[in-house]
Amino acid sequence: MARKSSLLKRAAIAVVSVIAIYVLLNASVSRSLPSSSDLPRQLIREEDEEGQAPTQPRVKIYMYDLPRRFTYGLIEQHSIARGGSNKPVADVTTLKYPGHQHMHEWYLFSDLNKPELDRSGSPIVRVMDPADADLFYVPVFSSLSLIVNAGRPVEPGSGYSDEKMQEGLMDWLEGQEWWRRNQGRDHVIPAGDPNALYRILDRVKNAVLLVADFGRLRPDQGSFVKDVVIPYSHRVNLYNGEIGVEDRNTLLFFMGNRYRKDGGKVRDLLFQVLEKEEDVTIKHGTQSRENRRAATKGMHTSKFCLNPAGDTPSACRLFDSIVSLCVPVIVSDSIELPFEDVIDYRKFSIFVEANAALEPGFLVKMLRNIETKKILEYQKEMKSVRRYYDYGNPNGAVKEIWRQVSQKLPLIKLMSNRDKRLVLRNLTEPNCSCLCTNQTGLLTSI
């Protein structure tokens with residue numbers, strides 16, 4: 001018994017000794033380590049006042065000081081074509097950009113011209129030295145240039161030429177060392193209208209293109225990998241009322257050009273199917289101040305708003321619907337949408353395959369069967385996301401576009417460095433060094 005007691009004592013002493021040695025060593029090591037105050041600030045994971053992890057360093061963007069003819073000069077040309085004075089304005093800041101669905105180029109340009117104190121929370125910061133820049137912004141008003149002479153005959157040898165503007169822009173860019181350095185890969189260019197920069201698109205396709213509709217871009221020109229899908233600027237007023245259907249007596253509303261080309265031919269067919277339905281308003285109308293007022297009233301008093309394809313898969317009408325809290329009914333099989341990395345459109349939109357929508361009675365029957373509770377859920381979701389489509393909102397479309405642009409930087413650096421070390425190759429097989437979406441054509445929802 002005494003022997004067993006002795007063994008227990010020796011074991012206890014050994015355990016205590018091990019613990020004591022561990023404590024001494026731990027104290028010694030702790031004294032040898034630097035405190036957080038001794039560490040460089042960039043190695044410390046600091047938290048803000050709300051305990052949130054710090055945001056990533058802001059991407060540095062240099063905005064080119066383009067010649068006047070590519071920016072403010074286009075506003076003057078647009079005015080001249082409509083009877084305005086042909087004398088250059090002394091103070092360009094007094095010029096008013098004409099309102100249309102492609103005002104993104106004006107808002108992005110204006111944002112980068114603001115003092116940094118007025119750009120709080122932006123994921124990008126403007127730098128004044130190109131040597132410091134991660135990316136380069138080319139602030140050309142490419143969509144405005146396209147419509148300067150829209151529908152207006154131009155006498156030979158006179159008037160404004162969008163084609164000449166494009167060629168002049170390309171000549172200017174190719175004269176810049178920063179463009180030549182990476183063949184334009186680290187440049188950001190607005191090309192919102194599907195036909196913007198069409199003449200030089202093959203020469204700027206390496207750049208990050210800000211595109212509202214991929215419908216006119218070939219696969220070798222536009223890509224989700226490098227480009228950013230942006231929203232059209234909404235043309236109707238925001239709906240300021242509360243969520244509800246009490247004042248929305250129309251089931252389905254549409255007002256727009258009935259006759260379109262290509263995929264837009266579905267519009268005329270939809271007119272034929274829907275125009276005799278009692279609780280459906282479907283009208284032919286082109287862009288005008290009066291028609292915008294009528295569209296505003298129609299969208300604000302309807303439960304659902306029809307969004308068919310036009311000449312291209314997308315149109316500004318979708319964003320008019322969202323800011324009106326009118327549930328979008330999208331009949332455009334090839335449509336691509338902005339900000340889908342953070343927005344699930346199924347939560348507030350109804351997608352209907354074109355052939356199904358053209359079946360007599362199918363669309364209205366489906367919409368009539370949607371309960372009020374579900375419509376309110378759609379409206380609540382639209383109200384929470386509509387800032388993403390509002391270019392005038394400080395936390396709206398501009399900030400979201402810059403966020404998506406900033407996310408392209410790692411890929412731009414990868415591709416630029418890769419190109420510099422690759423030898424010229426003649427590929428006999430498809431190049432799959434890209435990300436591809438579902439190509440099956442199978443519908444996952446209606």
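## Helix H5 and Glu174

Glu174 belongs to helix H5, which covers residues 162–174; helices here are DSSP runs of H or I with at least four residues, strands are runs of E with at least two, and both are numbered from the N terminus. The model is a predicted one, in which local features need pLDDT of at least 70 and side-chain atom pairs count only at pLDDT 80 or more, while totals for chains, interfaces and linings use all residues. Residues are numbered from 1 along each chain as its sequence is written, and side-chain values use heavy atoms, with hydrogens and water left out.

With a relative accessibility of 35%, Glu174 counts as partly exposed, a class lying between buried (under 20% relative accessible area) and exposed (over 50%), with a 1.4 Å probe and protein chains only. Neighbours within four places in sequence aside, Glu174 is in contact with Trp179, Arg180 and Arg203, where contact means heavy atoms within 4.5 Å. The C-alpha atoms of Glu174 and Gly184, which are 10 residues apart along the chain, have a separation of 9.0 Å.

## The six-strand sheet

An open sheet of six strands follows the order E2-E1-E3-E4-E5-E6 with parallel pairing, two strands being paired if DSSP finds at least two bridges between them. Strand E2 (124–126) and strand E6 (228–229) stand at the edges with a single partner strand each, so one side of each is left without a neighbour in the sheet.

Strand E4 (residues 187–190) is joined by two bridges to strand E3 (residues 135–137), to which it runs parallel; across this pairing Phe136 stands opposite His187, and Tyr137 stands opposite Val188. E4 also pairs in the parallel sense with strand E5 (residues 208–211) over three bridges, and there Ile189 has Leu209 as its bridge partner. His187 and Ile189 point one way from E4, Val188 and Pro190 point the other way, and all are buried.

## The five-strand sheet and its helices

A second open sheet, of five strands, has the order E8-E7-E9-E10-E11, again with parallel pairing. Its edges are strand E8 (280–284) and strand E11 (350–351), each with a single partner strand, so one side of each is left without a neighbour in the sheet.

Strand E7 (residues 250–256) and E8 pair in the parallel sense over five bridges, with Phe254 opposite Ile282. Helix H8 (residues 266–274) packs on this sheet, touching E7, E8, strand E9 (302–308) and strand E10 (327–331), and its direction makes about 140 degrees with that of E8. Helix H9 (residues 289–300) packs on the sheet as well, touching E7 and E9, and its direction makes about 160 degrees with that of E7. These angles are taken between N-to-C directions on a scale from 0 to 180 degrees, the axes being lines fitted to C-alpha atoms, for helices over the stretch in contact.

## Nonpolar cores

The largest nonpolar core has 109 residues, of which Leu169, Ile189, Leu210, Leu252, Phe304, Leu306 and Tyr389 touch the most other members; such a core is a set of buried Ala, Val, Leu, Ile, Met, Phe, Trp, Tyr and Cys residues joined through side-chain atoms within 4.5 Å. Domain 1 (59–150 + 161–229) and domain 2 (250–387) both give residues to this core, so it lies between them; the domain bounds come from an automatic or database domain assignment. Apart from this core lies another, of eight residues, among them Val236, Phe253, Cys305 and Val323.

## The disulfide

A disulfide joins Cys305 to Cys326, with an S to S distance of 2.1 Å, under a rule that takes pairs of cysteine sulfur atoms within 2.5 Å. The pair links distant parts of the chain, 21 residues apart, with Cys305 in strand E9 and Cys326 in the loop between helix H10 (317–323) and E10. The link is right-handed, with 105 degrees about the S-S bond, and both cysteines are buried.
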